[in-house]
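Reader: I have a model open in front of me and would like to talk through how its parts meet. Could you walk me through it?

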There are 2 protein chains.
Amino acid sequence: MNRRSYHRASETERREDLIAATLDCIAEFGIRGATVRQIATRAGVTGGLIRHYFAGKDQMLQAAYRQVMTGITDEAIRAATEGGDARTRLRRFIVANVTPPVTDPRTLSLWAAFISHIPLDPTFAAIHRENYLTFLEALEALLLALHAEQGRTVSREECRAHAIAVNGLIDGLWLEGTLAADLFADKGLAETALSSVEALLRLSPGELSASET
Amino acid sequence: MNRRSYHRASETERREDLIAATLDCIAEFGIRGATVRQIATRAGVTGGLIRHYFAGKDQMLQAAYRQVMTGITDEAIRAATEGGDARTRLRRFIVANVTPPVTDPRTLSLWAAFISHIPLDPTFAAIHRENYLTFLEALEALLLALHAEQGRTVSREECRAHAIAVNGLIDGLWLEGTLAADLFADKGLAETALSSVEALLRLSPGELSASET
DNA sequence: GCAGGCATTATTCAAGCGTATAATAACTTC
DNA sequence: GAAGTTATTATACGCTTGAATAATGCCTGC
């Protein structure tokens, strides 16, 4: 009875490994291929361990979804808080959402695999909503700052409406652009996104996109 | 040996029933719940019959995906070809994409369930691409017609770029608006979409949305 | 009105699923 | 360095899955 030798890891480390393995499996084989055994193999442990760290497979998937979404949102928000004037921060925010690592086949695969759970699982719906609202608020704040910087008075309601539209645009461009990256080869996604947002906000052409990097 | 009595249906009829049952199951239980047995039960037949009409479960799913996507695209294109001037047709096209039956929890569930197969199954990718391009071309034609009608000269390239942006916007608004319909209760999705497209095309406010129905 | 073709049912199969449980090896504590 | 704790392995269980096969009854053509 030779039992496998193993390493006792810390709780956070093990959880992170398991979630990473889950995401690997989903990206490679889809939700269907992300079985308890596959995930465990990828993480270098045996299947039973998963239930020692999560109440069940579903809970692990939820944790994985949470990580993917906060990853995307944080990436964009981080890009927008690195200083500079409001115009620059907004530009960075938009560009971050339509360039790697956000525009990445793997990220899209993960997002797509999870989104179909939203209509079925209330926990997934809550995670989605929370992230959506966080994203929207960050965008709204950026728009308010931009208008303030340029001496315009724009109501909060109008900023929110603009944020909804800009978010929709970013979502859609990200989705289609990542699904069929080759179709956007000539004119980059980022350029399309920037000039579109300019138009949405009724700024003059180049006001947002023309940049000193 | 009492064997169930049954009805011999025509090939097209049976295929349609099976696809409809597949969509019902996916909308209700997700891809996970759309098993051969569930689908067969819903269609009022036994599981074996599926393999008499489709090479396998995957092929049936592909047929179902094709039907959902052409359903969406056709709905929008039909709305845009019911006559009227270019401005009216474009408005109808946009509105059709952000109102029922396109904006519908069921439609979203189906779309979401299928989209995760795109990165994994080349057939799904091809179906997506075909529909995307069809949609884009319809949109591009509408934009060309609009500009011609209003006596502007706008290059085909610019129209295509606008079509890409407008498509992205519509996709994103449709997605978020259907996922969280309650957040959009105050200002309708259609109104948001119309004024956003106006801005994207740099039309003057109300030029597209103000309407005699 | 019957004979033959084939759509449909019934049944079986092997594989894989998520989960539960008990044994055990790796650390911690004193 | 021995005892105790528990993270981890190993194994088994019951169930579901998609697919294959054989039996059967409906419908068509004559």
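Reader: How many residues of chain A are in contact with chain B?

Author: Happy to help, and please keep in mind that this is a predicted model. A pair counts as a contact when the C-beta atoms, placed from the backbone, lie within 7 Å. On the chain B side, 35 residues take part, and the number from chain A is 35.

Reader: Which helix of chain A gives the most to the side that touches chain B?

Author: Several helices give two or more residues to this side, namely helix 1 (11-33), helix 6 (105-115), helix 7 (122-149), helix 8 (156-179) and helix 9 (189-200) of chain A. By class, the side holds 21 nonpolar, nine polar and five charged residues. The top contribution is 13 residues, and it comes from helix 8 of chain A.

Reader: Within chain A, which element gives the largest share of the side of domain 1 that touches domain 2?

Author: Chain A is assigned domain 1 (8-54) and domain 2 (58-200), with C-alpha centres 28 Å apart. Their contact draws 10 residues from domain 1 of chain A and 11 residues from domain 2 of chain A. The domain 1 side has eight nonpolar, two polar and no charged residues. Its largest share, eight residues, belongs to helix 1 of chain A.

Reader: Which residues come nearest to DNA strand D?

Author: The surface near DNA strand D divides into seven nonpolar, 10 polar and nine charged residues. Of the 26 residues around the strand, the nearest are A:R4, A:G48, B:T35, B:V36 and B:G56.

Conventions
Residues numbered from 1 in each chain as written. Chains lettered and ligands numbered in written order. Predicted model: local features only at pLDDT ≥ 70, side-chain atom pairs only at ≥ 80, totals over all residues. Near = placed C-beta within 6 Å. Nonpolar A, V, L, I, M, F, W, Y, C, P; charged D, E, K, R; others polar. Contact = placed C-beta atoms within 7 Å. Helix = DSSP H or I, 4+ residues; strand = E, 2+ residues; numbered from the N terminus. Domains from an automatic or database assignment.
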